[in-house]
Amino acid sequence: MSRRLIDGFDGVLADLDGVVYTGPRAIDGATKALDKLEGEGKSLAYVTNNASRSPEEVATHLRELGAPATAEQVFGSAVAGAELLAAKMAPGAAVLVVGSQILADSVRAQGLVVVRSSDDRPDAVIQGFSPDLGWKDLAEAAYAVTAGATWVVTNMDMTLPQERGFAPGNGSLVAAVAAATGKSPLVAGKPETALFETAARHSGVECALVVGDRLDTDILGGNRAGMATVLVLTGVDSVQTALAARLDERPNYLIRSLRELYVEYPAITADDGAYSCGTAVARASGSTVNVSGRENDLNSWRAACAAWWAAHPVMTPHSAPEIVFATG
């Protein structure tokens, strides 16, 4: 019986940067792997914390790279934020939108009324990133939040990668309002669960596989949503950071790239403290993980993670383990 990773799921919720593409280029083999999902009878949705581009803009970019994508398959934090807000508010409630036109349109689509000033006495504030935001916009948000408006934000990414370096992201702008008001917002984007739940619900997915390259957003958020998670090693995080991951950021699976969705995923077995994956065997002892296997074999790292995580099931150690490889 086949044990390919994809066989256990009816749909994929995929991150974008670091999973489908890096910078302006598609990751080798990623678009073909995504294109194959439909023939396998699996649904595909893209989940992104970006709240300033419309689903159609994101889908167009993906199609230009060769990936299958329609606007209906793209779930950004603007839609998730608007849905989260709508669940808290009565129809027709007044909402101060601090963000992009896309965010305002998403709020209107939920039957809420968009206002532009705290003088309009909004029932709620929703805040998302836009490069056009300024001090006056943040001040209006602070006035409304202080007056008691419900406060929802699309995401908490502190930085925004740009060609010249890292610029302040939405999280940095949210932090300014939080500092001014002493209040904390409800968050829709990763690593909170709303974005994943929105994508799964609209895609009709009952058993989703969350694919991401970041432990602190993709994997943490998928885990919190009660979904299976797989760390793909084409982006930010690595086998080393996975091994040392916090308890709630540990992925269920490790794969090199999206191609391995269609490869048999080896079982991990335990026997008296020894964890085996393929021909690799790992044991945790104190602050060390000893692995019988090659360092460049992903099964060695899968076994090492299983051994270390089993040794620390309820608390994340303060420091990463030393890992010792021995091949015979």
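## Strands 1 and 13

In this predicted model, strand 1 covers residues 11-14 and strand 13 covers residues 208-212. The two pair in the parallel sense, over 4 bridges. One of the residue matches is Val12, whose bridge partner in strand 13 is Leu209.

Strands of a sheet pair through backbone hydrogen bonds, either parallel or antiparallel.

## The sheet

Strands 1 and 13 belong to an open sheet of 6 strands. The order is 5-4-1-13-14-15, and the pairing is parallel. Strand 5 (74-76) and strand 15 (253-255) stand at the edges. Each has a single partner strand, so one side of each has no neighbour in the sheet. On average, neighbouring strands are turned by 25° against each other, direction ignored.

## Helix 3 on the sheet

Helix 3 spans residues 77-88 and packs on this sheet. The helix touches strand 4 (43-48) and strand 5. Its direction makes about 65° with that of strand 5.

## Thr198

Where does Thr198 sit? Thr198 lies in helix 7, residues 194-203. Is Thr198 buried or exposed? Its relative accessibility is 4%, and buried means under 20%, so Thr198 counts as buried.

Which residues does Thr198 touch, leaving aside neighbours within four places in sequence? The contacts are Phe75, Val79, Ala80 and Glu83. Phe75 falls within strand 5 (74-76), while Val79, Ala80 and Glu83 fall within helix 3 (77-88). Thr198 and Gly76 are 122 residues apart in sequence. In space, their C-alpha atoms are 9.6 Å apart.

Technical notes
Residues numbered from 1 in each chain as written. Predicted model: local features only at pLDDT ≥ 70, side-chain atom pairs only at ≥ 80, totals over all residues. Heavy atoms only, no water. Pairing = 2+ DSSP bridges. Axes fitted to C-alpha atoms, helices over the stretch in contact; angles between N-to-C directions. Contact = heavy atoms within 4.5 Å. Buried < 20%, exposed > 50% of the residue type's maximum accessible area, 1.4 Å probe, protein only.
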